[in-house]
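Reader: I am a first-year student, and I would like a close look at the inside of this protein. Please take one residue there as a starting point and work outwards.

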Amino acid sequence: MAVATVPVNTVCACPLRSPRNSTKFVSQFLTKCSSFKLGFESLQLRTTLPARKLVVRAARTESKGVSLGFRAPNFEIPEPLTGKVWKLEDFESHPALLVMFICNHCPFVKHLKKGIVKLANFYMKKGLAVVAISSNSVATHPQDGPQFMAEEAKLFKYPFPYLYDESQDVARDFGAICTPEFFLFKKDGRRPFELVYHGQFDDSRPSNNVSVSGRDLSLAIDCVLSGQPVPSIQKPSVGCSIKWHPERKL
């Protein structure tokens, strides 16, 4: 750090000298100024750089394009952790189903991961069925492949199956475009699962200093499980775009 010292109210009354005596003049000037004891403290000018804040930056994509009342499409995809193949009909006995499109690498998913596990643990005890699906291409994002999905599920103790949509057909059938993206379906008797909520987890985002609460999604689940209508005004989920196979773009 550079420090410049500037004496305050310092006056050196030194007699003028001709140019030919300049060397002697400078010497006398410095000697006289250094001998003064004025009792004033020096003013120090310091140059500092402002502290920098770490900001997480990622391409943002909003969920959209799926109408409430949409019927849950059938699927049949594997769970890398156990090898079991899951189908939509495996959840038919539950009054509500939460389908989440997530992945391993996305900072938006990482930000909510512990909150998602906490919410799932709480509501699964109340009868909610929960399933997570990763549809990202391993050609572009190998860290989202099945082996790493199994490790992720084990590490975070996912209470729900974490399924691998290798063909990406399930994501297309649901109309999913980002991670995380939440689809909450309700079931009345023998009728098919119908979409009642397609919105955000809560207002928290990476680096926006809003704590993770799951408020928006929790409110919707509470409504469904208590037989109350879910508010139709819903904020879209925000996250990373699903990483489509290079030869198959939306």
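## The core around one leucine

Author: Start with Leu98. Neighbours within four places in sequence are left out here; the remaining contacts of Leu98 are Leu119, Leu128, Ala129, Val130, Val131, Phe182, Phe183, Leu184 and Leu217. Contact means that heavy atoms lie within 4.5 Å of one another.

Some ground rules come next. This is a predicted model, in which local features need pLDDT of at least 70 and side-chain atom pairs count only at pLDDT 80 or more, while totals for chains, interfaces and linings use all residues. Residues are numbered from 1 along each chain as its sequence is written, and side-chain values use heavy atoms, with hydrogens and water left out.

Leu98 belongs to the largest nonpolar core, which has 36 residues. Such a core is a set of buried Ala, Val, Leu, Ile, Met, Phe, Trp, Tyr and Cys residues joined through side-chain atoms within 4.5 Å. Buried means under 20% relative accessible area, against over 50% for exposed and in between for partly exposed, with a 1.4 Å probe and protein chains only. The members that touch the most other members are Leu98, Met100, Leu128, Phe160, Leu184 and Leu217. Helix 2, residues 107–124, gives the most to this core, namely eight residues. Apart from this core lies another one, of 24 residues, with Ile77, Leu163, Ala176 and Phe185 among them.

The chain as a whole gives some background. Its 250 residues are 41% buried. The chain has five helices and twelve strands, where helices (H or I, at least four residues) and strands (E, at least two) are DSSP runs, numbered from the N terminus. Counting contacts between residues at least 6 apart in sequence, 77% join residues at least 24 apart. Leu98 and Leu217 make one contact between distant places in the sequence.

Leu217 leads to helix 5. The buried residues of helix 5 are Asp216, Leu217, Ser218, Ala220, Ile221, Cys223 and Val224. In general, an α-helix has 3.6 residues a turn, so residues three or four places apart point the same way. What do the buried residues of helix 5 pack against? They pack against strand 6, helix 2, strand 7 (128–134), strand 10 (181–186) and strand 11. Leu128, one of the contacts of Leu98, falls in the range of strand 7. Leu184, another contact of Leu98, falls in that of strand 10. Cys223 in helix 5 counts as buried because its relative accessibility is 12%. Just after helix 5 comes Gly227, with a positive phi near 80°.

Helix 2 also holds a charged-looking exception to look at, Lys113. Is Lys113 buried or exposed? Lys113 counts as buried because its relative accessibility is 3%. Residues up to four places away in sequence aside, Lys113 touches Cys103, Asn104, Glu152, Phe156 and Tyr158.

Next to consider are the cysteines. The whole structure holds one disulfide, a term for a pair of cysteine sulfur atoms within 2.5 Å. Its partners are Cys106 and Cys240, with sulfur atoms 2.3 Å apart. The disulfide is right-handed because the torsion about its S-S bond is about 85°. This pair links distant parts of the chain: Cys106 sits in the loop between strand 6 (96–101) and helix 2, and Cys240 sits in strand 12 (residues 238–241), 134 residues apart. Both ends are buried: Cys106 because its relative accessible area is 0%, and Cys240 because its relative accessibility is 5%.

Cys178, in contrast, takes part in no disulfide. The cysteine sulfur nearest to that of Cys178 belongs to Cys106 and is 8.4 Å away. Cys178 is buried too, because its relative accessible area is 0%.

To return to the start: strand 6 spans residues 96–101, and Leu98 and Met100 are among the core members that touch the most others. The buried residues of helix 5 pack against strand 6, and the loop that holds Cys106 runs between strand 6 and helix 2. Helix 2 in turn gives eight residues to the core.
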